[in-house]
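Student: I would like a close look at a single part of this model, namely its pockets and the helices around them. Please give one connected account.

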Amino acid sequence: MTRQCSGFTCPVEATISLIGGKYKAVILWHLMNNDTLRYSQLHRKMPKATDKMLAQQLRELEKDGLINRTVYPVVPPKTEYSLSEYGKTLAPILDAMCSWGENYLSDNKPYEEDCQ
């Protein structure tokens, strides 16, 4: 019997839907390692992300309860992002993804050099 929850038939499908956006896992990784970052700081860490894409990914992560968005009433406006308590539970997954990626990159150095 397949267990269905929130429209998902597989726990991996649920996980990927939450962190599987183009930059979602990268955003979460940076927040995990920096506690709090402003939009411009996040954008500098992901220079290939367009403003539209980064803003969309941040909105989705906030909507899904994985990050907190704090807006300060100052001029110019100051907005900070941080992991929510729920988002912090993703740390083991993000650490595993990082380790896997490091192994992949070290095993595929010639390919990496071709891409530059």
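Tutor: What follows treats the pockets and then the helices that border them. The model is a predicted one.

The largest pocket has a volume of about 490 Å³. Its lining is made up of Ala25, Val26, Trp29, Lys48, Leu94, Met97, Cys98, Trp100, Gly101, Glu102 and Leu105. Two elements give two or more residues each to this lining, helix H2 (24–34) and helix H6 (91–107). Of the elements, H6 gives the most, with seven residues. By class, the lining of the largest pocket holds eight nonpolar residues, one polar residue and two charged residues.

The second largest pocket has a volume of about 190 Å³. Around this second pocket stand Phe8, Ala14, Thr15, Ser17, Leu18, Ile19, Leu66, Tyr86, Thr89, Leu90 and Ile93. Helix H1 (residues 11–19) supplies the largest share of that lining, five residues. The lining of the second largest pocket comprises eight nonpolar and three polar residues, with no charged residues.

H1, from the lining of the second largest pocket, and H2, from the lining of the largest pocket, also pack against each other. Two packed helices are described by the angle between their axes and the distance between the axes. For H1 and H2 the angle is about 75°, and the axes lie 7 Å apart. Since angles of 65 to 115 degrees count as roughly perpendicular, H1 and H2 are therefore roughly perpendicular to each other. On the H1 side the contact is made by Ser17, Leu18 and Ile19, and on the H2 side by Lys24, Ala25 and Leu28. Sorted by class, this contact has four nonpolar residues, one polar and one charged.

Several of these residues have more than one role. Ser17, Leu18 and Ile19 of H1 touch H2 and also line the second largest pocket. Ala25 of H2 is part of the contact with H1 and of the lining of the largest pocket. Ala25 is also buried, and the other buried residues of H2 are Lys24, Ile27, Leu28, His30, Leu31 and Met32. Lys24 and Leu28 thus combine burial with contact to H1. Beyond the end of the helix, H2 is followed by Asp35, which has a positive phi near 65°.

How values were computed. Residues are numbered from 1 along each chain as its sequence is written. This is a predicted model: local features need pLDDT of at least 70, side-chain atom pairs count only at pLDDT 80 or more; totals for chains, interfaces and linings use all residues. Side-chain values use heavy atoms; hydrogens and water are left out. On a 1 Å grid over the protein atoms alone, a cavity is a set of points where a 1.4 Å probe fits but cannot get out, and a pocket is an open set with protein on both sides within 12 Å along at least five of seven lines; lining residues have an atom within 4 Å of a point. Grid points are joined across faces, edges and corners, and a volume is the space filled by probe spheres set on the points. Helices (H or I, at least four residues) and strands (E, at least two) are DSSP runs, numbered from the N terminus. Ala, Val, Leu, Ile, Met, Phe, Trp, Tyr, Cys and Pro count as nonpolar, Asp, Glu, Lys and Arg as charged, and the others, Gly among them, as polar. Axes are lines fitted to C-alpha atoms, for helices over the stretch in contact, and angles run from 0 to 180 degrees between N-to-C directions. Angles under 35 degrees count as roughly parallel, over 145 as roughly antiparallel, 65 to 115 as roughly perpendicular and the rest as oblique. Contact means heavy atoms within 4.5 Å. Buried means under 20% relative accessible area, exposed over 50%, partly exposed in between (1.4 Å probe, protein chains only).
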